[in-house]
Amino acid sequence: MSTPTTPRAIAARVYQLFDDGDIAGLDQVLSADLIDHNPVPGATSGIEGMRMLVAAVRDGFTDTRHELIYQGEPGDGWVVSHWRMTATHTGDWFGTSATGRPVSFTGTDLMHVTDGKITEIRHVEELFQLHHQLTT
């Protein structure tokens, strides 16, 4: 796949990488010195933490699909995306063993793109939605 060039396309590519479980592909769109303001517990801020998150999604779920509900560019290289992820829980997800259940939850990301790479990200996932689906 060709490397996206617009901030919106670069931000959207991240979701495809999650869906594909493509850890190596993150180097195409994330800056080596990425600042992640909301890293996964136990992960460092930066590209390594994002690699850990993509691997966790890949290992915990199959048939992963991100749907962009809204995407906009407020300016200065910033992109805001509101998304829904659907998948089937078929592997360990941060200590929760596979349930085989379908899941659907939403999240919102704010990404800053500079020189064709995401340099900063703030993200909020509706993990209570996900937790409820996995445990009830």
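User: Which residues is Leu34 in contact with, leaving aside its neighbours within four places in sequence?

Analyst: In this predicted model, Leu34 touches Ser45, Gly46, Ile47, Met50, Ile118, Thr119, Glu120 and Ile121. Leu34 itself sits in strand β1.

User: Why is Leu34 called buried?

Analyst: Its relative accessible area is 4%. The cut-off for buried is under 20%. Leu34 therefore counts as buried.

User: How far apart in space are Leu34 and Val57?

Analyst: They are 20 Å apart, C-alpha to C-alpha. In sequence, 23 residues separate them.

User: What does Ile118 contact, leaving aside its neighbours within four places in sequence?

Analyst: Leu34 is one of its contacts. The others are Ile10, Ala11, Val14, Val29, Leu30, Ser31, Met111, His112 and Val113.

User: Which residues of the largest nonpolar core touch the most other members?

Analyst: Ile118 is one of four, together with Leu30, Phe61 and Trp93. The core has 32 residues. Two or more residues come from each of α1 (7-20), α2 (26-29), β1 (30-36), α3 (47-60), β3 (78-89), β4 (102-114), β5 (117-125) and α4 (127-135). In soluble globular proteins, nonpolar side chains tend to be buried together.

User: How do you know whether Trp93 is buried or exposed?

Analyst: Trp93 has 13% relative accessibility. Buried means under 20%, so Trp93 is buried.

User: And Phe94, why is it called partly exposed?

Analyst: Its relative accessible area is 46%. Partly exposed lies between the 20% and 50% cut-offs, so Phe94 falls in that class. Phe94 is placed in the loop between β3 and β4.

User: What makes the aromatic pair of Trp93 and Phe94 edge-to-face?

Analyst: The ring centres are 4.8 Å apart and the planes stand at 85 degrees. A pair needs centres within 6.5 Å, and edge-to-face needs an angle over 60 degrees. Both conditions are met, so the label holds. The structure holds four aromatic pairs. There is also an aromatic cluster, formed by Tyr15, Trp83 and Phe105.

User: What is notable about the phi of Phe94?

Analyst: Its phi is positive, about 50 degrees, although Phe94 is not a glycine. Asp76 also has a positive phi, near 55 degrees, and is likewise not a glycine. Asp76 is in the loop between β2 and β3.

User: Why is Asp76 called exposed?

Analyst: Asp76 has a relative accessible area of 71%. Exposed means over 50%, so the term applies to Asp76.

User: Which residues lie nearest the centre of the largest pocket?

Analyst: Trp93 and Phe94 are among them, along with Leu53, Glu125 and Leu127. The lining comprises 28 residues. The pocket's volume is about 500 Å³. Elements giving two or more residues to its lining are α1, α3, β2 (61-75), β3, β4, β5 and α4. Of these, α4 gives the most, with five residues.

User: How do the lining residues of the largest pocket divide into nonpolar, polar and charged?

Analyst: The split is 20 nonpolar, six polar and two charged.

User: Why is Leu110 called partly exposed?

Analyst: Leu110 has a relative accessible area of 29%. That value is between the cut-offs of 20% and 50%, so partly exposed is the right class. Leu110 belongs to strand β4.

User: What is Leu110 in contact with, leaving aside its neighbours within four places in sequence?

Analyst: Its contacts are Trp78, Val79, Val80, Glu120, Ile121 and Arg122. Val124 is 14 residues away from Leu110 in sequence and 9.0 Å away in space, C-alpha to C-alpha.

Definitions and conventions. Residues are numbered from 1 along each chain as its sequence is written. This is a predicted model: local features need pLDDT of at least 70, side-chain atom pairs count only at pLDDT 80 or more; totals for chains, interfaces and linings use all residues. Side-chain values use heavy atoms; hydrogens and water are left out. A nonpolar core is a set of buried Ala, Val, Leu, Ile, Met, Phe, Trp, Tyr and Cys residues joined through side-chain atoms within 4.5 Å. Buried means under 20% relative accessible area, exposed over 50%, partly exposed in between (1.4 Å probe, protein chains only). Helices (H or I, at least four residues) and strands (E, at least two) are DSSP runs, numbered from the N terminus. Contact means heavy atoms within 4.5 Å. On a 1 Å grid over the protein atoms alone, a cavity is a set of points where a 1.4 Å probe fits but cannot get out, and a pocket is an open set with protein on both sides within 12 Å along at least five of seven lines; lining residues have an atom within 4 Å of a point. Grid points are joined across faces, edges and corners, and a volume is the space filled by probe spheres set on the points. Ala, Val, Leu, Ile, Met, Phe, Trp, Tyr, Cys and Pro count as nonpolar, Asp, Glu, Lys and Arg as charged, and the others, Gly among them, as polar. Rings of Phe, Tyr and Trp (its six-membered ring) pair if their centres lie within 6.5 Å; planes under 30 degrees apart count as stacked, over 60 as edge-to-face and the rest as tilted.
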